[in-house]
Amino acid sequence: MAVVALVAAGWAVANEQAAHSRAAGGRRVLFDGFGGDRLNPRIWTPYTGRPGGDPGGWWEPSHVVVRNGVLNLETYRDPRLGDRWVSGGVSSARGLEQRYGTYLVRFRMDAGKGVAGVLLLWPHAPHWPPEIDVAETGGDRADRSDMTATLHYGPGDQTIARTVRGDFSRWHVMGVRWTPRRLVYTLDGRPWATVRSRHVPAERMELDLQAQAGTCGDRYAPCPDATTPARVDLQVDWVAVSARP
C-alpha cells in the first residue's frame, strides 16, 4: 500500500461549481449542494437495515439529515433501536448510474473510534465486486489522519489500495477520474494517486456516501468504545459528477 503525503492541506474552494468544471473536463450530470432542509428524493435514497458482513452496524433514514446546506450522516446510539449504534448512508442509484466519469465530494468527518466513513462507487448490476472506494476512513483508529482509495475486483476480492495522509476532520474535496483501465484519485483538485489496471470496472455504477459503525471483535472494523464521542458525523457540503468527455 503506497502512502502519499498531503502536500496542500486546506486548499479552499471559492466557487465549487467552477472548481468542479475545471477538474472534470466533461459534461456535468449532477451537482447537489444540499440546499433547503431535506434530501433531494430524485437523486438520493437513504440506506436502511444492516450492512452486509457487519452484524454490529445498522442504517436508518432518520440518521440522514440535511441542515444549513450540509448533508449529515449521523452515527449515535439510538434509543428507538435498543440504544444500539446507528448510522446514515445514501445511494445515488435513483438519480445517477453511469460508466466512467469524474466524481468529486467535499466532505469532512468527526473523529471517533469504531465509526467508518466511505465515499464509493458500487455496481448497478446485482453482483460484487467491483467496487471503487474513492475515500475511506476506517474505525480502527479514533482520528481521521488518512484516507484510503481502493479498487476491489475479482471473485476473491483482490484489492489495489493507495493511502493519502491529512487531517480529514477538516473540509477537503476528494474525487476520482474513472476512465477505461485507469483511475486517477484527486485531493483538493490535485491528483495524488493513479491506478492503471485491466481490472478497472467497465460497467455502470452508482455513487454511495455512508457512515458505518463496526462490530465488536472485528480487528479491522471494531465497534465504538468508551473513547468514542456520543455523536460522530460524516458531513458532505456538495457532490459533483461529470460524464466522460
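A residue counts as buried when its relative accessible area is under 20%. Tyr100 comes in at 8%, so in this predicted model Tyr100 is a buried residue. Tyr100 also has an unusual backbone angle to look at, with a positive phi near 70° in a residue that isn't glycine. Here's a quick tour of the rest, from the core out to the largest pocket.

**Tyr100 and the aromatic pairs**

- You'll find Tyr100 in the loop between strand 8 (97–98) and strand 9 (101–109).
- Tyr100 has ring partners too: ring pairs tie Tyr100, Tyr103 and Trp178 together as a cluster.
- Across the whole structure there are seven aromatic pairs.
- One of them is edge-to-face: the ring centres of Tyr47 and Trp59 sit 4.5 Å apart with the planes at 65°, and over 60 degrees is what earns that label.
- Tyr47 and Trp59 are twelve residues apart, and both belong to the loop between strand 3 (45–46) and strand 4 (64–67).
- Both Tyr47 and Trp59 are buried.

**Another positive phi**

- Phe34 is also a non-glycine residue with a positive phi, here near 55°.
- Look for Phe34 in the loop between strand 2 (28–32) and strand 3.
- With a relative accessible area of 2%, Phe34 falls under the 20% cut-off and so is buried.

**The nonpolar core**

- As background, nonpolar side chains in soluble globular proteins tend to be buried together.
- Here the largest nonpolar core takes in 48 residues.
- Leu71, Tyr185, Leu209 and Val239 are the ones with the most contacts inside that core.
- Strand 18 (residues 231–242) is the top contributor to this core, giving five residues.

**A buried histidine**

- Is His172 buried or exposed? The relative accessible area of His172 is 3%, so His172 is buried.
- His172 is part of strand 14 (residues 172–179).
- The side chain of His172 makes a polar contact of 2.8 Å with the side chain of Asp188.

**The disulfide and its neighbour in sequence**

- A disulfide is a covalent bond between the sulfur atoms of two cysteines.
- The structure has one disulfide, and the cysteines in it are Cys216 and Cys223, with sulfur atoms 2.0 Å apart.
- The Cys216–Cys223 link is right-handed, at 90° about the S-S bond.
- The two ends of the bond differ in how much they show: Cys216 is exposed at 58% relative accessible area, whereas Cys223 is buried at 16%.
- Those labels follow from the cut-offs, because exposed means over 50% and buried means under 20%.
- Gly217 has a relative accessibility of 84%, so Gly217 counts as exposed.
- Gly217 lies in the loop between strand 17 (205–213) and strand 18.
- How far apart in space are Gly217 and Gly56? The C-alpha atoms of Gly217 and Gly56 are 9.8 Å apart, although 161 residues separate the two glycines in sequence.

**The largest pocket**

- The largest pocket holds about 1100 Å³ of space.
- Its lining is made up of 44 residues.
- Nearest the centre of this pocket are Val118, Asp133, Glu136, Gly138 and Tyr220.
- Several strands each give at least two residues to the lining: strand 10 (115–123), strand 11 (131–137), strand 12 (146–153), strand 13 (158–165) and strand 17.
- Strand 10 has the largest share of that lining, with five residues.

**Two cis peptide bonds**

- The bond from Trp128 to Pro129 is cis, and its omega is near -10°.
- Pro129 and Pro130 are joined by a cis peptide bond as well, with omega about 20°.
- Pro129 sits in the loop between strand 10 and strand 11, and Pro130 is in the loop between strand 10 and strand 11 too.
- Strand 10 and strand 11 are both among the strands that line the largest pocket.

How values were computed. Residues numbered from 1 in each chain as written. Predicted model: local features only at pLDDT ≥ 70, side-chain atom pairs only at ≥ 80, totals over all residues. Heavy atoms only, no water. Core = buried A, V, L, I, M, F, W, Y, C linked by side-chain atoms within 4.5 Å. Buried < 20%, exposed > 50% of the residue type's maximum accessible area, 1.4 Å probe, protein only. Helix = DSSP H or I, 4+ residues; strand = E, 2+ residues; numbered from the N terminus. Phe/Tyr/Trp six-rings, centres within 6.5 Å; stacked < 30°, edge-to-face > 60°. Disulfide = S-S within 2.5 Å. Polar contact = N/O pair within 3.5 Å; in protein donor to acceptor, adjacent residues only side chain to side chain. 1 Å grid on protein atoms, 1.4 Å probe; cavity = no way out; pocket = protein on both sides within 12 Å on 5 of 7 lines; lining within 4 Å. Points joined across faces, edges and corners; volume = space filled by probe spheres on them.
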